[in-house]
Each structure stands twice: as structure tokens, then as C-alpha cells.
2 protein chains.
Amino acid sequence: MLSFTEENYLKSLLQITLENEEKNGAGTNELAAHLKVKPATATDMLKKLKSKKLVDYKKYGKISLTVAGRKYAVEIIRKHRLWETFLYKKLSFTWDEVHEVAEQLEHIQSQKLIDRLDEFLEYPEFDPHGDTIPTAKGELKISFKKTLAEVADGQSCKMVAVKDNSADFLKYVVKVGLGINNNIKVLSKESYDSLLTIEVNGVVSSVSQKFAQNIFVVCPPDTMKPTSKTKKR
Amino acid sequence: MLSFTEENYLKSLLQITLENEEKNGAGTNELAAHLKVKPATATDMLKKLKSKKLVDYKKYGKISLTVAGRKYAVEIIRKHRLWETFLYKKLSFTWDEVHEVAEQLEHIQSQKLIDRLDEFLEYPEFDPHGDTIPTAKGELKISFKKTLAEVADGQSCKMVAVKDNSADFLKYVVKVGLGINNNIKVLSKESYDSLLTIEVNGVVSSVSQKFAQNIFVVCPPDTMKPTSKTKKR
DNA sequence: TATAAATGTTAGAGTAGTCTAACAAATTTT
DNA sequence: AAAATTTGTTAGACTACTCTAACATTTATA
């Protein structure tokens with residue numbers, strides 16, 4: 001069983017690699033900055049995680065997670081996002097309040113707890129920020145999460161979350177006929193003021209850029225397995 | 001903000017004092033045994049907690065919580081019991097599974113979380129073990145929790161929890177007309193086999209001792225304020 | 001390609017919490 | 001009340017994680 005600290009290092013490494021798909025690994029300074037510790041501290045921990053076979057690391061080299069390390073990290077992300085969903089959906093926390101508490105809850109050790117929580121929440125796909133929740137099997141779909149404002153002309157997407165929790169905004173969302181899991185097609189985008197014309201359930205509406213920036217959507221979801229070793233060659 | 005460890009020391013001290021109302025304070029060995037550490041370790045921590053004004057302690061003397069320390073400890077107990085209730089009621093954990101996970105969850109730092117959880121659970125009075133849950137104001141009712149088998153002839157009590165979670169037992173409970181919060185009057189107790197005759201909602205039934213040992217009840221609840229300083233003299 | 005800049009590592013030290021071993025005080029027994 | 005036992009404390013050491021300061025390696029730049 002890993003300590004909170006070790007878990008945080010694994011989680012940061014996964015987050016860094018997810019943010020930069022093209023990169024081959026993280027750097028010590030980068031990792032240290034992500035965890036808000038000094039590089040020297042990160043070096044020490046990397047040696048420890050290496051000895052536990054959770055990271056691939058050698059002096060002055062790039063850092064990456066081993067298969068076991070990645071699996072562990074995905075579990076932490078899963079816990080984090082399930083707790084965020086719980087706080088948001090069941091305890092009426094707002095979009096911006098969930099993260100801090102989930103940072104603590106993600107370290108609770110109990111497989112049964114997380115399985116039951118998943119069930120209780122009815123196996124949610126997305127957390128309140130629109131990020132995908134890894135499955136119990138450790139599958140992490142990479143969602144190309146963006147705001148509706150970033151969706152290109154003619155493209156379709158699915159609403160996964162809101163960024164603004166004010167009553168005004170949420171009423172407006174309902175008025176436009178939008179809701180979680182609705183499919184949205186962007187019919188056109190005005191170049192002058194970025195006014196969007198969208199179609200939801202066959203209904204066409206116009207929404208401002210400000211509005212669109214507060215709606216999170218995913219475009220074409222893609223599955224990424226927890227490891228590439230399962231691939232046959 | 002206190003560390004997990006410091007919180008555990010305060011919690012243990014409160015638990016020890018609650019278990020022995022008549023005693024004037026805990027001893028170092030007793031506290032150390034409760035926390036599964038060595039006495040030397042406890043001595044060190046006591047000095048630290050004393051410097052934070054959370055315990056009253058002097059060399060070779062009895063240990064007790066200050067008003068501030070007790071307040072903190074009651075909050076931890078409150079969190080623990082609310083989480084147990086959540087696990088039991090919402091995530092279908094059994095009576096005996098909740099404690100271990102609640103030991104972890106009780107240390108999560110978020111006032112909003114615990115207030116919302118309390119609301120979500122509809123302000124429960126008792127946890128799955130039949131122990132009272134301190135209120136948001138820090139009031140801890142001392143319940144004279146016992147099993148139905150221990151209730152004296154002629155006495156009345158209220159059912160607060162079950163000890164056995166098997167389907168067989170729970171079906172039996174329903175059959176006898178029992179449920180959480182029901183008032184039970186013990187009409188008579190057979191001295192030979194402890195068979196109980198009880199009255200619930202005007203209906204009289206007979207239950208075995210084995211059955212009665214798996215029902216938790218409270219008899220005459222008594223309120224105990226978080227501090228005795230509020231008493232005027 | 002030599003030098004400067006950026007990046008990463010090592011050594012030594014500090015804090016929190018734990019331990020063991022030796023000692024000190026309080027309590028119980030005779 | 002003296003001795004024995006129990007209880008509690010001190011001193012020194014260990015682990016996990018962190019830091020700063022000095023040094024080493026790699027990369028970028030002139």
C-alpha cells in the first residue's frame with residue numbers, strides 16, 4: 001500500500017503525460033513544479049518509486065510510469081473524479097468547490113467503497129468538469145473536452161458539464177433546451193462576435209460566446225487502454 | 001489544523017473518558033494502548049497537544065481534554081458516525097464493515113462536506129451501531145445503548161440499530177413489526193431461557209434471546225454538553 | 001564547438017511521528 | 001514503611017518527507 005505522497009507523485013506523472021500526449025516522459029523540474037515541491041525532493045521520491053517498479057527512471061533521463069504505476073495512477077484519478085461527481089450531484093457542491101475536497105477523498109483506501117460509490121452514482125461517464133471517469137477495469141477514455149465556444153463550425157458534440165453554477169445561467173441552459181448528454185450540432189459561427197447557431201434535439205438556437213464558454217462538451221471520444229502491453233504483435 | 005495523528009489522540013482521549021464516566025482522566029499507558037503506540041510515543045504527543053492547549057497534562061498526572069480539545073474530538077466523532085451512517089444507508093455496507101472505512105473518512109477536512117452529508121442523510125440521530133451522532137453544535141447525547149436482551153423487565157426503549165445484517169434476520173425483524181425508531185416495551189422475561197415478551201405499536205410478540213441480542217436499543221437518553229464550563233456556579 | 005543556461009543530483013539538515021532502553025515516580029503489597 | 005510492581009518519562013535512534021546549497025550533466029546558444 002502506498003502513502004498519500006507516493007500516490008500524489010503517480011497521479012502527477014499521469015496528469016503530465018495526459019496533458020502532453022506527444023512527449024515521451026516528464027522531467028524532474030516539471031514533476032516537482034506540478035507537486036509544489038523542490039526538484040531535489042522529487043529526485044528522492046523517484047528513486048523510491050523506481051525501486052517499487054512504479055516508474056521508469058534513470059539519472060538525467062525522462063520519467064514515465066510503468067504499467068503497474070499507470071494502473072495505480074488511473075485508480076487514483078478514478079477515485080478523484082467519482083468523489084467530485086458525488087459532491088456535485090449528491091451534496092450540491094458547485095463546479096469549483098469539488099476539486100479541493102476530492103484531493104483528500106481520493107486517498108481513501110477501500111475497493112468496496114469506490115465500487116459502491118460508482119454504483120450509487122449510476123456509473124457516471126463524466127465528472128463535473130467534463131473529464132471522463134476511468135472504469136472499474138482501469139480504462140481511461142481520453143475525451144477531447146472543450147467548451148462549446150471552441151467547437152468548430154459544422155462539428156457535433158455532446159454536453160458533459162457546465163462551468164457556471166449560477167441560477168441565471170442554469171435557467172438559460174434549460175431555456176435553450178440543453179442538458180447533460182444532449183447532442184449539439186454547431187450549425188454556424190459568426191466571425192464578428194462568435195455568436196453560435198446550434199441545433200439540439202432538432203431545435204435551432206443562437207447562443208453568445210460567453211454562454212458557450214460555460215458549456216463543456218466532448219467531441220469524438222477515443223478509448224485508451226491502461227497499457228500498451230496488451231497489444232499483440 | 002491538526003494532523004491525522006493529533007486528531008486520533010484527541011479522539012482516543014474522548015473515547016476513554018466516555019467509556020469511564022466516573023474517572024477523572026486517562027493514563028499514559030491506557031492512551032497508548034488505545035492508539036496502539038508505545039507509552040513513550042504518547043508522552044511526546046501529550047507535550048505537543050498540551051502546548052496547543054488541547055489537553056490538560058502534567059508529568060505523572062492524569063490526562064484530560066481541555067474545552068477546545070473536547071470540542072475538536074466531538075467533531076471527529078461526529079464525522080466518524082456520519083460517515084458510518086452514509087456507508088450503511090447509502091452504500092449498503094454492513095454493520096461490521098463501516099468502522100474501518102470511517103476511520104479514514106473522519107479526517108477529511110471540510111466543514112461544508114460534513115454539513116451537507118448530515119443534510120443528505122436527513123440529520124440522523126444514531127449511527128449503524130446505535131451510538132448517538134453529535135449535532136453540528138457539538139452536543140453529544142450519551143445514549144445508554146444496549147441490546148434488547150439487556151433491557152430489564154417492564155422497561156421501555158427505542159430501537160436504534162441492528163447488529164446482524166443477514167436477510168433471514170432482517171425479515172424476522174419486519175415480521176415482529178419492529179423497525180428503527182420503534183418504541184419497544186419489555187413486558188416480561190422468562191428466567192429459564194430469557195424469552196422476551198415485547199410490545200411494539202400495541203402488538204405483543206415473543207422473541208428469543210438470540211434475536212434480542214441483535215437489536216440495539218436506547219433507554220432514557222440524556223444530554224451532555226460539550227463542556228462543563230457553561231455551567232454556572 | 002565552446003560557453004552559457006537550464007536541468008537534474010547529491011549531501012547534509014530539519015520536522016513529525018515512531019521505537020527501544022534506561023531511568024524516575026507513584027502505587028501496591030507485604 | 002520498605003520492597004516490589006506498575007506506571008510514566010527521558011534520551012537517543014530510525015523512517016518518511018521535505019528543504020537548501022553545492023555540484024554535475026545536458027541542452028541551447030553564440
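Guide: A polar contact is a pair of N or O atoms within 3.5 Å; within protein, one must be able to donate a hydrogen and the other to accept it, and residues adjacent in sequence count only if both atoms are side-chain atoms. This is a predicted model, in which local features need pLDDT of at least 70 and side-chain atom pairs count only at pLDDT 80 or more, while totals for chains, interfaces and linings use all residues. Residues are numbered from 1 along each chain as its sequence is written, chains are lettered from A and ligands numbered from 1 in the order in which they are written, and side-chain values use heavy atoms, with hydrogens and water left out.

Visitor: What makes the pair of B:Lys47 and DNA strand D a polar contact?

Guide: A polar side-chain atom of B:Lys47 is 2.5 Å from a phosphate oxygen of DNA strand D. That value is within 3.5 Å, so the pair counts as a polar contact. B:Thr43 has a side-chain N or O atom 2.7 Å from a phosphate oxygen of DNA strand D, and for A:Tyr60 the partner is a sugar or linking oxygen, at 3.4 Å.

Visitor: Which elements give two or more residues to the surface near DNA strand D?

Guide: They are helix 1 (4-19) and helix 3 (39-51) of chain A, with helix 2 (28-35) and helix 3 (39-51) of chain B; helices here are DSSP runs (H or I, at least four residues). Helix 3 of chain A gives the most, 5 residues.

Visitor: Which residues come nearest to DNA strand D?

Guide: Of 21 residues around the strand (a heavy atom within 4 Å), the nearest are A:Ser3, A:Thr41, A:Lys48, B:Lys47 and B:Tyr57. On the DNA side, sugar and phosphate make up 84% of the strand D atoms within 4 Å of the protein.

Visitor: How do you know that the two chains are related as by a two-fold axis?

Guide: A turn of 180 degrees with a shift of 0.0 Å along the axis lays chain A on chain B with an RMSD of 0.1 Å, by least squares on C-alpha atoms of residues with pLDDT of at least 70 in both. The copies are thus related as by a two-fold rotation axis. In chain A, the C-alpha of A:Leu105 is nearest that axis, at 3.7 Å.

Visitor: Why is it said that the copies meet through the same surface?

Guide: Because 100% of the interface residues of chain A are also interface residues in chain B. Each chain gives 21 residues to the contact (heavy atoms within 4.5 Å).
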